[in-house]
Each structure stands twice: as C-alpha cells, then as structure tokens.
Amino acid sequence: LWLKYDPLTDRAIVKHYQSSITSILVDGNSETIDVIKRELAMATSGLLQSKIPFINRIEKNGTLVIGNINASSIASLQFDRSLLQKSEEAYLIKNMIVKGKRCIVITSRSDRGVLYGVFYFIRLLQTQQRIDGRDVVNSPAIANRILNHWDNLDRTVERGYAGFSLWDWHRLPAYVDQRYHDYARANSSIGINGTVLTNVNANAQVLTPFYLEKVKALADVFRPYGIKVYLTARFSAPMEIGGLSTADPSEKNVQQWWNDKVKEIYRHVPDFGGFLVKANSEGQPGPQNYKRTHADGANMLADALAPFGGIVMWRAFVYDNEVPVDRTKQAYNEFKPLDGLFRKNVIVQVKNGPLDFQPREPFHPLFGAMEKTPLMMEFQLTQEYLGFATHLAFLSPMWEECLKSKTFAHDKPSTVAEIISDESRQYQSTAIAGVANIGNDRNWCGHPFAQSNWYAFGRLAWDPFSNSSQIADEWARMTFSNDQNTIQNIKSMMLPSRELVVSYMTPLGLHHLMGWNHHYGPAPWIKDKPRVDWTSVYYHRADSMGIGFNRTSTGSNALEQYQQPVRDLYESLDKCPDELLLWFHHVSWNHKMTSGRTLWEEMCYKYQAGVIGVNNMKTLWDKTRAQVDEERYNAVKQLLEIQYQEAVWWRDACLLYFQTFSKKPMYGDFKPAH
Ligand code: GCW
C-alpha cells in the first residue's frame, strides 16, 4: 500500500532528515505507544536506510519527542494547549528547544492522536517535504470515520472485486492474521477510526456468542490503532437467533432482547462502536413490517446502546417497487417526516446521491432537508458501477464534487461537507462511511490504483474540505515514486479518470444503464425485470422524440425535494448544467447544447471523448515504465488495455442502441467496432 517505506532517492532531502532526526524519544506506556515505536522504526529504517536510536533522555539536537500531553517529557513544555481543544484526536507537531536541544515534538491529548501525528510526520518524509520550521495543528472535521465492509460470514463480499473477505471467521479467534494489523495500520495512517465488519444485508449469526468471540479478537487487534468495531444488526435477529415470535420494536420482550444482546456485546468489546442498519429496503426486514417507522426501529436500538456510548447508523437507502414513485424520491418521502424524532445517538446514513452510487448523481436532497437530525455520508469505494476493480477510476473528484455541493439548507449555502461536519449545528456526533473495496487480494483492492480510493476516502473523511489533486499527489508519491515526471503522469491519469468513466458509461446525466444484476458492462436495453426500477429503460426513457428522465414539475417532480435556488437551477432546461441534463430532463434529440452541437451529437462526442481519454491514460502509463516496478507496471498496463476495450464496448453498445430511437447518423471520427 502507501506504507511501503522504500528508500528515499533525493540525497539532499535525506541528508536534511538525517541531521533533523538523530534520535527518537517515545514517552508513554500503552499498546498504541508500542504501535508508534514499531511504525517509526520501520519507516525510518526503510526510508532513510539508517537505524535511528530510540532513547530515554534528550541529549542531542534533532530528537523527535513523542507522547501525549501528560507524558512526563511533554507535560513540562511550553505550548498553547488550547490548540488541541477541538478533539481528542487532534495533534500538534512543533519545532522547539527542549533541554537546550533542537527537537521536534509530536503530541496530542490522546495516544491515538499522537499516532495520527506520527503518521502525518512519516508522510512528510515519504513525500520528501522539509521538516524544519513546520509547525502543524490538525484535527478531524468529522468524529466517526468508518469503513463499511459488505462482507458475509462465508467470506464472500457483496460487490467486492478484490478477492474474498479479509476476515477469516473460520480460523478466528485463535488465529490472528498479520493482515489484520496491516489493515489497521493502513486505516490509522489516514485517520479511519471505525470499521463495520459485516454486510448491511445482514446475517444475524454474527450476534451469536460463537461469532462475538471472533469479533472480540478483531477488536483487540484494531484497538491500539484507534479503530472501533461496529456490526450490522439484522432487524429480525430477535426471531432468528433469539427465539422470539416477533421483532416489533414496540414489544417489551423485543426491546429487552436487544438490551441484553447489547450488554453481551459490550462484555466482549468494551469500546464497541454500535450498529449499522439497513431496514425495509431491498427485502431486508425492518420496523415497517410491524407498521412502525424507521425512527421507532432506530430508537429501540439506540436506547439499548446509549448506556454504553454506542451509536446507531440507520441507512436512508430505502426503496420499494410497491411504492409507485420515482425511486429517487423515496428516501426523502420516508425520512423527512421523521425529522426530529430520532434519539441523539442515531445518525441517518445517506448515500451521496438519491439513486445508487452511479458514476454521476446530484447530491442527495436529504442533505438539505433534515433540520434536526444528524446526517452522515455514505460513499462507495468499491466500484460497483464504475468498472469494478478492472477500470482505473480515482473517485476523490466525485466525492469532492458532492461535498462541495451547496444544499441551501437553513437559508444558507451550507455545502454537504458543512452539513456532515456539523459546522452550523450542534449534534452529538458526526460521521462518514465508505463502502470498502478491500479483500484478500495480494494488492488489497484488486487494481493497484484502487488503493487510491481507500486512501482518498480516509483523507476526505478527516478533512472533507481538502482537494483531490493534493490527495492524488501524496498517494502517488508514497505508492509509486517521488520522481517529478512520474508524479505528473500518474496524476494526469488519476484526476480526469472518473470523468472519463462518466463519459464512456453514462454521460450528460444518464444513469443505470449497466448490466442486469451483476452491474458490469453496458445494457441500456434492460426491461421486463421483477422490478421496474431494476431496468434501464425506466431510467433513460429514450423514445423517438428524445431521451432522459423528467424530474421537473412537469415530470416526477423529484426536484421539489431540493431547496431553492438548487431547484430553479435544475428545473430550467437552459440553466441545468450539461452533466446532469438527462437526470432531470427529457430532452429532444435536436436540442442545441452549449457547445453548439445537438443533444445526439453531444452524446456521440462524449462517448468518444471517454474512449480517447482512456487511450491517453495508456500513453501516460507507458511513460512511467522506468520508475515503476515490473509487476505493477504490467498489471496496470493490462488493466488499462481491458478498460480501453470496454470503453469502446460501452460507447458502441449505448450509441447503437440509442440510435434506434434517434435515427440519426453517428457523429464524430469513429466507427462502432461492434
Ligand atoms: O447498490 C446496491 C447494491 C446492493 C447493496 C445495496 C445497498 C448491500 O447493488 O448489493 O446491498 O446497494 O446499498 O444496500
């Protein structure tokens, strides 16, 4: 991953480090402090190729002094402790004279925070930054930064493209794989502090004593790295593993069952984080089975968890074929009326867009709609709809686009990032989740570049206001090389890559054109499935007149769920930005676009631009050959070739199919190859 610690190549900077870091004093006594020592030893000996001594007394210039603010070497130092006020996890890195010697101090209120500071410091080395005169204060904008594993107990991973689950349930708890430690190191290095071990399409078995022993073993590994464990709670668990005849949240014996179950979990895992719940969606059981609301269900679990400080993350990804509305409207319709009815330790977990992790969606209207309910973000790292782990798609720009969207909640612009980081309101907790793309593949994520999405998620979770170019830069340097040209080439591949996927799959606001069920490859012709909202024709609505889903006031009026002026912007055919045009409008094939081309011509142009862009990525990658090891070079080269062939496949399949409606000639300099 990005913690390779290969020797640094810039001699001048290595010299600078060797004179600035002559010894290391790590003060404290905890498992986290042990982790810090191990990581620093590994990082410095790898990066600098010299063993820097760990010492107990400051005797030389260039001592790294590391520990929390109460450690004896730090407690007596003069610095502004209010800088660390914001969070237990905030850290400070400060150049100071200690005992007459030039030192760099890394401290925090907690050992966890110190660990984050240490990883930040190591990152400076890995990316070859100078470390003198650089004082840093850093605190996370969001309190709970969590991976969601859609991992099943049989080790299959729903929508997982990187092998099987990392969790070897069969050999746990007695056998603790080294990879659990490495997973924790990687997470901790980017500030991820929670992990939901199990799939939201949940199996209640994980809540049985047999599995709780195994969960405990994982929690024990992760704790020193500052990572809490969470589980998915299947709503019908009281019936399936508890022997009750109902799971109705208003029944006393059901509540009691959950209270007892939660106590039992905390006996195994004293810092258990809480539950993630998918209820009454895609066939999952939930409170609506008993004519109760999402709030009734969430609050029952929240009451059980509250005495222990646990939280409930209740998903807003709900839809139902029986409900005859535009599917993108259903979450708002179900949750908006419940605003204010949730317990304080419930957070509603909302996907970035109102449909389902498509390559491009507008932001979810709930982000602008809930005045009294904390909302958390759910991003998807695993590329279910963006070419699995076969296509290179750096997703950070997609998440940044969503985080920067202005919701106009509470009559203020309020970006999505501001809403979820609670800049304007005082919620008990804030959170963000990413559906993991990690499996037991040797390279963790399937595609060597898919690791960048894990990395970017962590960085954006810590600071949702940061930018993708900076994130790509760091990741590329740590993962591949600090060579300037190589970085430039790799960034030029990464930064436009998501937009290219949009262009060759679903340009101009198109969505849900992918293959039935498996979700790989083009299939805009899908119809006649068990649910109309699982077809493609439902979403693109192509006919002889034009194409697109009318969600304005003359159509499904999904736009009514957004605040002004967002609503007006998208409602107007002229003002609606090209990239969301067909999400909100049914548009005539002859419609003149801002480019001067007709809609049909623009579609052809975009699909072809996607293909050209992937070809360009291949050229850029070839230029990195001298700087990248053969194994990864060849892996990426082959994957890019597949991506190119499949971009062509998408272009041809979609355009040839849509041409049967538009009845117009292909536009542009290409001939469909299929
Ligand atoms: O995107 C869809 C996936 C399902 C997934 C669901 C969800 C876990 O196709 O596999 O189920 O979303 O987010 O609940």
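User: What makes up the secondary structure of the protein?

Analyst: Happy to help: the protein has 20 helices and 15 strands, where helices (H or I, at least four residues) and strands (E, at least two) are DSSP runs numbered from the N terminus. This is a predicted model, in which local features need pLDDT of at least 70, side-chain atom pairs count only at pLDDT 80 or more, and totals for chains, interfaces and linings use all residues. Residues are numbered from 1 along each chain as its sequence is written.

User: Why is the protein called as compact as a globular protein of its length?

Analyst: The radius of gyration is 26 Å, close to the 26 Å that the globule rule gives for 674 residues, so the protein is as compact as a globular protein of that length. The radius is taken over C-alpha atoms, and the rule is 2.2 Å times the number of residues to the power 0.38.

User: Why is helix 13 called oblique to helix 14?

Analyst: Helix 13 (residues 451–462) and helix 14 (residues 468–479) pack at about 130°, with axes 10 Å apart. That angle makes helix 13 oblique to helix 14: under 35 degrees counts as roughly parallel, over 145 as roughly antiparallel, 65 to 115 as roughly perpendicular and the rest as oblique.

User: Which residues of helix 13 meet helix 14?

Analyst: Gln 451, Ser 452, Tyr 455, Ala 456 and Arg 459 in helix 13 meet Ile 471, Ala 472, Trp 475 and Thr 479 in helix 14; contact means C-beta atoms, placed from the backbone, within 7 Å.

Notes:
Axes are lines fitted to C-alpha atoms, for helices over the stretch in contact, and angles run from 0 to 180 degrees between N-to-C directions. Two residues are in contact if their C-beta atoms, placed from the backbone, lie within 7 Å.
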